[in-house]
Amino acid sequence: MAKVIVDGIEVEVANGSTVLQAAEAAGKEIPRFCYHERLSIAGNCRMCLVEVEKMPKPVASCGQPVAEGMVIHTDTENVRKARRGVMEFLLINHPLDCPICDQGGECDLQDEAVSYGRDYSRYDEAKRAVGQGDWGPLVKTTMTRCIHCTRCIRFTTEVAGVAELGATARGESMQVGTYIEKALSSELSGNIIDLCPVGALTSKPYAYTARPWELRKTDSIDVLDAVGANIRIDARGAEVLRILPRLNDDVNEEWLGDKSRFSIDGLKRRRLDRPWLRENGKLRAVSWEEAFAAVAAKVKGTAPERIGAIAGDLCDVESMLALKEFFTALGSKNLDCRQDGAVFDASRRPFYLFNTTIAGIEEADALLIIGSNPRHEAPVLNARIRKRWLTGGLKVALIGQSHELTYGFDHLGAGPEAISALLDGSHAFAEVLKTAKNPMVILGAGALARPDGAAIHAAAWKLAAQFNMLTPDWHGFNVLHHAAARVGALDIGFLPGAGGKSTAQMLGGGTDILWLLGADELDTKAIGPDTFVIYQGHTGDAGAARADLILPGAAYTEKDGTYVNTEGRVQQAQLALKPPGDAREDWRIIRALSAYLGHALPYDTLPELRAHLAETYQLFARIGEVRRLAGTDPAAPEGEVSAVGREALVPVLANYYQTDPISRASPTMAACVAAHYPALEAAE
């Protein structure tokens, strides 16, 4: 630790810290444009100049390391004069675009110009003009506003791991771009919009839509993958206009995937805003009373063992608990949250959690990925793996189809036979796992949906046990889910009861009444032709197309809901706006229907439901917390390791941009598919 004095205040900071960090520790705010805590230091803008005693001229505080006894001055006349000079140079070529710039009101350059800018310009020459490159359907470029901070270049290269941006020429002629014009291919490209301190990079779908002060801001949780990124929903009136990431170092740091950020235009398309009942092969709009009467007529004439329910990937825990308890009251045990047909042992939480935790990735020194593509299934988590890989000492291997994962890895094979090679020690990577201090394995949830899913589950656990991944201080077995609802559903036991039917058994005529709670990823063609399908959801997707009765629910932006991410962290999303038309929150629909059928559930309000949830399942009393479990229980999941097949492990997601009803309804995501998956677009 080094002791330094900042404006007369003595502070102690870690060796290797910068003068800027020392000043912040002393409570002093230093203006900056190029510096960012999560990126490498560039020292481009010179806005953070300070005076250090015994140094002949002002220094850039972002790149100057501290030394014992250093005396720093952050607000002298020389410092203010230097910053005013830097600001004047930055504004020489900056266009007067503030009235039409989407960054207006959130612009770092505007903020600092208030403190250090002039109210007139001494520059009479023509301003620099720069061509506007096309970076794809997500990021809008206005490069005449660029101040060459290089944040976007450093982010795509260092964090996203896709080195597509760079600078050409020097000085005033310098231009930031892709060199060869192309769409940005990173799944995290939207984060450069947040990082840009001026209006050079803005959101193309959001262009000229609203000003920041017009928006109503709501803190919430992203549900388009299982990471549970913390987000802020910005809405105006009855429409969500944008979604931005919130800071949470344990989950998403301050990053957000492009699908989660830009698919919001799918929230206002194909919406289900009233109940519909199919009569003579056609759907007609009905009232809630008629819809409930239709359900009652069907349920009262059907045996409980012929009624089943399947929960989808975007469901909140409250609605799944209400549906589970409603079916229990009806006497049915046919419940399943695994619409992909996955069969694996879910009797203990460690069998299906990301036990290392997302933040714990930074402690690993060996990583084996089985049947997963983290870059598509969880891009923010993939960035965390890259962050650890960049520090050195992390060796990565992949079993399954080879992908570009933004970090180096050894490809051990496409099929699960590579697992056997590791178990018997015949593969060289077995030695890497054996000598590692904190090895970990990531098992893709998609691999569990194979016919040999239970065997792969057991084999992956055996790998963890054999290679010292299960100790009192470290739990290296991890399942990476891609569905936001899956862990919460498993936690409350939304699974077949004794003698109950699984998803596969409920399809193909296994039930007379099938309730689809937002379930759109299953094969609806497999549902028996005589099965009466009740679809409860918010978007007209596959489930609604097959439905005989549609109950309009609420999207995740339109309800207060609890979700559990892949590491087992319980988080709560907040209602940002009301559902459209006659749509209602899902748990309220189920509660009202239960009363209509004479099986009223024991809660009338959301607080009562959440209190019941926390009382029934204690883990839901700890909101926002996650405890890393010790790997001390030797009990293994059910499954015969020798039953592992030889078929190649293939990706669970056909493409990153369209994986759920919301993103499939989004024109922006369709444009991304056209830009990055032209073969898929042609096939459609």
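## Exercises on a predicted model

In helix 2, the buried residues are Val79, Ala82, Arg83, Val86, Met87, Leu90 and Ile92. Keep in mind as you work that this is a predicted model.

### Exercise 1: A helix and its neighbours

Find out what the buried residues of helix 2 pack against, and check whether the end-to-end span of the helix agrees or disagrees with 1.5 Å a residue.

**Solution.**
- Step 1. Look around the buried residues of helix 2: they pack against strand 3 (49–52), strand 5 (71–73) and helix 3 (108–116).
- Step 2. Take the length of the helix, which covers residues 77–92 and so has 16 residues.
- Step 3. The expected span is 1.5 Å times one less than the number of residues, so helix 2 should span 22 Å.
- Step 4. Compare this with the model: the end C-alpha atoms are 23 Å apart, which agrees.

### Exercise 2: An open sheet

Work out the order of the 5 strands in the open sheet, and explain why strand 19 and strand 23 each have one side without a neighbour.

**Solution.**
- Step 1. Read across the sheet: the order is 19-18-17-20-23, with parallel pairing.
- Step 2. Strand 19 (410–413) and strand 23 (477–480) are at the edges with a single partner strand each, so each has one side left without a neighbour in the sheet.
- Step 3. Going from one strand to the next, the twist averages 20°.
- Step 4. Zoom in on one pair: strand 17 (residues 366–370) and strand 18 (residues 395–399) are joined by 5 bridges. Within this pair, Ile369 has Leu398 of strand 18 as its bridge partner.
- Step 5. Now add a helix: helix 13 (residues 453–466) lies across strand 17, strand 20 (439–444) and strand 23, and it runs at about 170° to strand 20.

### Exercise 3: A hairpin

Decide whether strand 11 and strand 12 pair in the parallel or antiparallel sense, and describe the turn between them.

**Solution.**
- Step 1. Strand 11 (residues 230–236) and strand 12 are antiparallel, with 6 bridges. One of the pairs is Ile231 with Pro245 of strand 12.
- Step 2. The two strands form a hairpin with 2 residues between them, and Gly237 in the turn has a positive phi of about 65°.
- Step 3. Check how covered strand 12 (residues 239–245) is: 6 of its 7 residues are buried.

### Exercise 4: Salt bridges

Among the 49 salt bridges of the structure, compare the pair Asp97 and Arg145 with the pair Glu239 and Lys268: is each residue buried or partly exposed?

**Solution.**
- Step 1. Start with the idea: side chains of opposite charge can pair when their charged atoms come close.
- Step 2. The side chains of Asp97 and Arg145 meet at 3.0 Å, N to O. Asp97 lies in the loop between helix 2 and helix 3, and Arg145 in the loop between strand 6 (139–141) and helix 4 (151–159), so the pair ties together parts that are 48 residues apart in sequence.
- Step 3. Buried means under 20% relative accessible area. Asp97, at 17%, is therefore buried, and so is Arg145, at 4%.
- Step 4. For Glu239 and Lys268, the closest N and O atoms are 2.5 Å apart. Glu239 is in strand 12 and Lys268 in the loop between helix 6 (258–262) and strand 13 (276–279), so this pair ties together parts that are 29 residues apart in sequence.
- Step 5. Glu239 is partly exposed at 30%, and Lys268 is partly exposed at 48%.

Terms used
Residues numbered from 1 in each chain as written. Predicted model: local features only at pLDDT ≥ 70, side-chain atom pairs only at ≥ 80, totals over all residues. Heavy atoms only, no water. Pairing = 2+ DSSP bridges. Helix = DSSP H or I, 4+ residues; strand = E, 2+ residues; numbered from the N terminus. Axes fitted to C-alpha atoms, helices over the stretch in contact; angles between N-to-C directions. Contact = heavy atoms within 4.5 Å. Buried < 20%, exposed > 50% of the residue type's maximum accessible area, 1.4 Å probe, protein only. Salt bridge = Lys/Arg side-chain N within 4 Å of Asp/Glu carboxyl O.
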